[in-house]
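Trainee: Could we go through this one together? I'd like to know what stands behind each label we put on it.

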Amino acid sequence: MPKDPSASATPGLHPPANPHAVRAIRPFIPGRCRVAIIGAGIMGPGIAQVFAEAGYSVDLCDIDEAVLARAMAAFHDGLALKVELGLISSAARQDASRRVQAQALSDGVLAQADLIIEAVTEKADVKRELFARILRQAPPTAVVWSNTSTLDVFALAPGDLLERMVVAHWFAPPHILPLVEVVAPSGAQRHTLEACVACLRDLGKSPVVLQRFVPGFLINRLLRALGREAFYLLDEGVVSIGDLDVAVRTSLAPRMQMLGLMQRYDFTGLGLSLRNLENPQMVDAPVDLSPRILRERVERGELGIATGRGFYDYGVRDRLALQRERDKKLWAAVAALGDAVGDPKPI
Ligand SMILES: NC(=O)c1ccc[n+]([C@@H]2O[C@H](COP(=O)([O-])OP(=O)(O)OC[C@H]3O[C@@H](n4cnc5c(N)ncnc54)[C@H](O)[C@@H]3O)[C@@H](O)[C@H]2O)c1
């Protein structure tokens, strides 16, 4: 059997220096632990669904009351779709529904939390203020997972919070996609990271640990590289938007879903891959951080499904209906992975 490249990957963190700190971090136990999810926008409701289905009591909080109503509608719809698809029973749906409480963020919520999931707006000041409030109001044993996509939150949090803090970066929709990228502050003890990874696995997720913080972590960096080339090809008129998506769906996506990126190279052959890279005619797209095909749409207010039009025209279909259609397809794609979910072993 080929050697598993992940076997040598160990988190680059130090062993615990202070054994009392290790004991201070409680394990996460469904039914006993209270989870506070702060920020009920796009990500909060789906993360709440994952914890609620696993038996945790969840406080889903926001500063905006109107957001809370929308968040609960999305949460209930996520459960309803699972019942419709035969993935959970009606009884399981009712149990999960009862476990989530939507409420305005208060000091009381923080004081009761064992695990705090920070999913607030991606702005440094907003997160900095929240971390300071968590340090003041939450129990000294409460653990914080930040869902930031790009910010170095370890530089924003008070130093006293770092030992019990990690980045746990979920993917939208978080109740469906298995990957969560996990990063600990450099030099931190391992137990917060290990408890996070164990908990995510128990939740049915596929955590991947990064050795250090890099903005965008793994997938958003790869997506950025791919997007740069796609926007270039479209701006140059090489291909239409529809054909580009057909090409991706019919070759890149199924291969990557089953092989990942690096194992695909093994099947292609590393010699050919190197020759392709070295081919002087295969010049990379120039870095263009404001490609016309994207900029013009943004300027026209065509922002994607939120406005009914982006690269495609969605007519009168509303955002929730579109997300539901997408979610049905994503559940099928995740099911097709079967045992390969979270398994780094090559085929
Ligand atoms: N949207 C995605 O696809 C995605 C994916 C992975 C990670 N993330 C990250 O997750 C976080 C949340 O993203 P989102 O897309 O859900 O954002 P969003 O803008 O949809 O929701 C953020 C919510 O936080 C609330 N909020 C702001 N300050 C608050 C505070 N002090 N207390 C309580 N609530 C507060 C806002 O009212 C808003 O409802 C961000 O850090 C983002 O980078 C987003």
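Mentor: Sure, and let's begin with a term: a disulfide is a pair of cysteine sulfur atoms within 2.5 Å. Bear in mind that this is a predicted model, where local features need pLDDT of at least 70, side-chain atom pairs count only at pLDDT 80 or more, and totals for chains, interfaces and linings use all residues. Residues are numbered from 1 along each chain as its sequence is written, and side-chain values use heavy atoms, with hydrogens and water left out.

Trainee: Why is C33 not in a disulfide?

Mentor: The closest cysteine sulfur, in C199, is 8.0 Å from the sulfur of C33, so that is too far for a bond. For C61 the closest cysteine sulfur is in C33, 16 Å away, so a bond is ruled out there too. The structure as a whole holds zero disulfides.

Trainee: What makes C33 count as buried?

Mentor: Buried means under 20% relative accessible area, exposed over 50%, and partly exposed in between (1.4 Å probe, protein chains only). C33 has 5% relative accessibility, so it counts as buried. C61, with a relative accessible area of 0%, is buried as well.

Trainee: How do you know that K127 is buried?

Mentor: Its relative accessible area is 1%, so K127 is buried by that cut-off. K127 is found in helix α6; helices (H or I, at least four residues) and strands (E, at least two) are DSSP runs, numbered from the N terminus.

Trainee: What makes the pair formed by the side chain of K127 and the backbone oxygen of V120 a polar contact?

Mentor: A polar contact is a pair of N or O atoms within 3.5 Å; within protein, one must be able to donate a hydrogen and the other to accept it, and residues adjacent in sequence count only if both atoms are side-chain atoms. A polar atom of the K127 side chain lies 3.0 Å from the backbone oxygen of V120, so the distance fits the limit of 3.5 Å.

Trainee: Which distances link E122, N147 and S149 to the ligand?

Mentor: An N or O atom in the E122 side chain is 2.5 Å from a ligand oxygen. For a polar side-chain atom of N147 the distance to a ligand oxygen is 2.9 Å, and for an N or O atom in the side chain of S149 it is 2.7 Å.

Trainee: Which elements give two or more residues to the shell around the ligand?

Mentor: Those are α6 (124-137) and β6 (165-170).
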